[in-house]
Amino acid sequence: MSITKQNKPAYPTLPKTSTGIIGLDEITEGGLPTGRPTLICGEAGCGKTLMSIEFIVRGAIEFNEPGVFVAFEEKSDELAMNVASLGFDLKKLQEEKMLRVDHVHIDRSEIEETGEYDLEGLFIRLNYAIDSIGAKRIVLDTLENLFAGLDNQAVLRTEIRRLFNWLKEKGVTAIITGEKGDGNSLTRQGLEEYVSDCVILLDHRVINQISTRRLRIIKYRGTVHGTNEYPFLIDEDGISVLPVTSLKLAKQVSTERVSTGIPALDEMLGGKGFYKGGSTLVSGTAGTGKTSISAYFANEACNRGQRCVYFAMEESPNQIIRNMRSIGVDLKKHIDAGLLQFNATRPNMYGLEMHLVAIHKVIKKFKPAVVIMDPITNFINVGSVSEVKNMLVRLIDFLQDEQITVMFTALSLNTIVNEQTDEGVSSLVDSWLLVRDIEFNGERNRGLYVMKARGMKHSNQVREFVISDDGLNLIDVYLGPDGVLTGSARKQQILLEQTGAAIHTHSIGRKDREIARKRKVLEAKIASLNSEYESVEEELNKVYLEDELRKQILEKNREEITRIRRGETATAKPTGGK
Amino acid sequence: MEIDEITEDKKWELRLYVAGKTPKSVTALANLKKYCEEHLKGQYRIEVIDLLVQPQLAEGDQILAIPTLVRKVPEPIRKIIGDLSNEEKVLVGLNIRPA
């Protein structure tokens, strides 16, 4: 893993000529060495000619640098025909004097050699071709055909050496192609001995009946370059090379959150949903609603007006659209609005690397905010677990770089084993939702929980995941004395509780009334006792009063008697004394 | 260059491509003239093309090596490259003498 220096050195570095080929300029950090020859070698059919013609055509179209294509193999008409499928119009470029195709034909049967000769004729032709359009780029495809046409190897070798020197002096950026030789040699005729500046090896491998094209820079003098094998793809846009192994963990992160489209799920994820640019894995056994969750997520993104790419590996787009309509998600309207793009390929279509390249291309082109891959499990058909993991690491890296939120779905065949090892990707993703079957009471229900969610508060609860005509929803499961209850058992339990509550309120009412009655009785008793007490008190009071009265009367009587004894009148002053 | 030959004769039309007056070119031309005088007296025409002067002509006859002798007539076209020092090979190559 090379670390690219951010600060450019002050002294002049090797000037480079951009190839215009997607990805190749990144790997070579700028392109091919300007004014020097580069050797592209590889087996038959590995894309040498295509890569070199693309170098010329892109140079002419994108960089306004005219180029000469010297074909030792194909006639110019054939060549034009072969690359027309890639949208390269050689005829037009030739008319515009941006391209010159020179077919060098060598037929051994019509050539006799006698005495000394040199290849000055070829030099003159090249020189003329270059000067006629002021070419900056030239391709010799493939120079080795000279060896098939001419006998005198010694002359050829000296002349080829002279040719390379001459090209350097001429100051054109050249590509020389050569077919891979036997054993370790890069080319049949050892052309690599002459080209010292830049050698690129193309390779076309078939593993498990799936072909992958790869590219490696064997040497590039005077500059840093990527040293790994890079997969590349040839499609209707030409060649795309994928610089996939920039494994620096220095990504931009966002604190922005994106909704999952399911409010209850957002609630479980701290109320806001996933982080923007994060990766999420939804795993579960078959039929647990993984696709529904991802379709919801896609739908939500499109509703926000963001773009979304849906990589469908199992179902065709029409199938998904139909199925999602049944739960109230209309994906068709987003497709029509140009917000949603389906990309349906079988994983067996090509190798993992090719998938990665293809995914890159689609994403670069469509620039989505959300990407869905449903499911990643099927990649296992085309590679080993570690290869799939590797590929997904690179994919996640790439998506994170682009700040694209991604949702993967993965099928687990066996809930016990795969809970930890869904393609080994569970450790890579930022959040992981697990949908699982809860089999209970003779029915199968779905339970969803958040296994992990990096950097956010998340619920630790299992929720029942319900798919209905109205869409998806999450319901709190019932935790009763018998454990977690779902589905009809949960409903039953709820009903049971409601009944209980009703009965309870009823009985409470009756008790209240009884208490009221009792109080009334007691209150009546208290009243009667009170009146009884009052009558007793009155009786007692009456005795006291009578006593007092008698006492007073007695006193009065005694005084009266005393007065009478003293003979005094009733008006005479009492003398006192008691 | 123009082909305005009367085809009645068994005419040999030969073209020698050179690039300036290099020793090889000079030798080739001398050799060619010698063989023609010996074997095809009066029936041949030699045209010398200097590619340094007319580089655009190299493509037409698919010239790579210098010097190259091209037998335009009689058909089919034959090419002999080199300084033509081997008389036997030249005569066979030009179909003057059967192999």
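**A sheet shared by chains A and B**

In this predicted model, 28 residues of chain B are in contact with 21 residues of chain A. Local features need pLDDT of at least 70 and side-chain atom pairs pLDDT 80 or more, while totals for chains, interfaces and linings use all residues. Residues are numbered from 1 along each chain as its sequence is written, and chains are lettered from A in the order in which they are written.

Me: What makes two residues count as in contact?
Reply: Their C-beta atoms, placed from the backbone, must lie within 7 Å. Strand 4 of chain B gives four residues to the side that touches chain A, the largest share.

Me: Why are strand 6 of chain A and strand 4 of chain B called paired?
Reply: Two strands (DSSP runs of E, at least two residues) pair if DSSP finds at least two bridges between them. Three bridges join strand 6 of chain A to strand 4 of chain B, so the criterion is met. These two strands run parallel, and A:Glu113 stands opposite B:Ile81.

Me: How do you know that strand 1 and strand 3 of chain B pair?
Reply: Five bridges join strand 1 (residues 12–18) to strand 3 (residues 68–73), therefore the requirement is satisfied. They run antiparallel, with B:Leu16 opposite B:Leu69.

Me: Which order do the strands of the open sheet follow?
Reply: The order is 6(A)-4(B)-3(B)-1(B)-2(B), with mixed pairing.

Me: Why are strand 6 of chain A and strand 2 of chain B at the edges?
Reply: Each has a single partner strand, so one side of each is left without a neighbour in the sheet.
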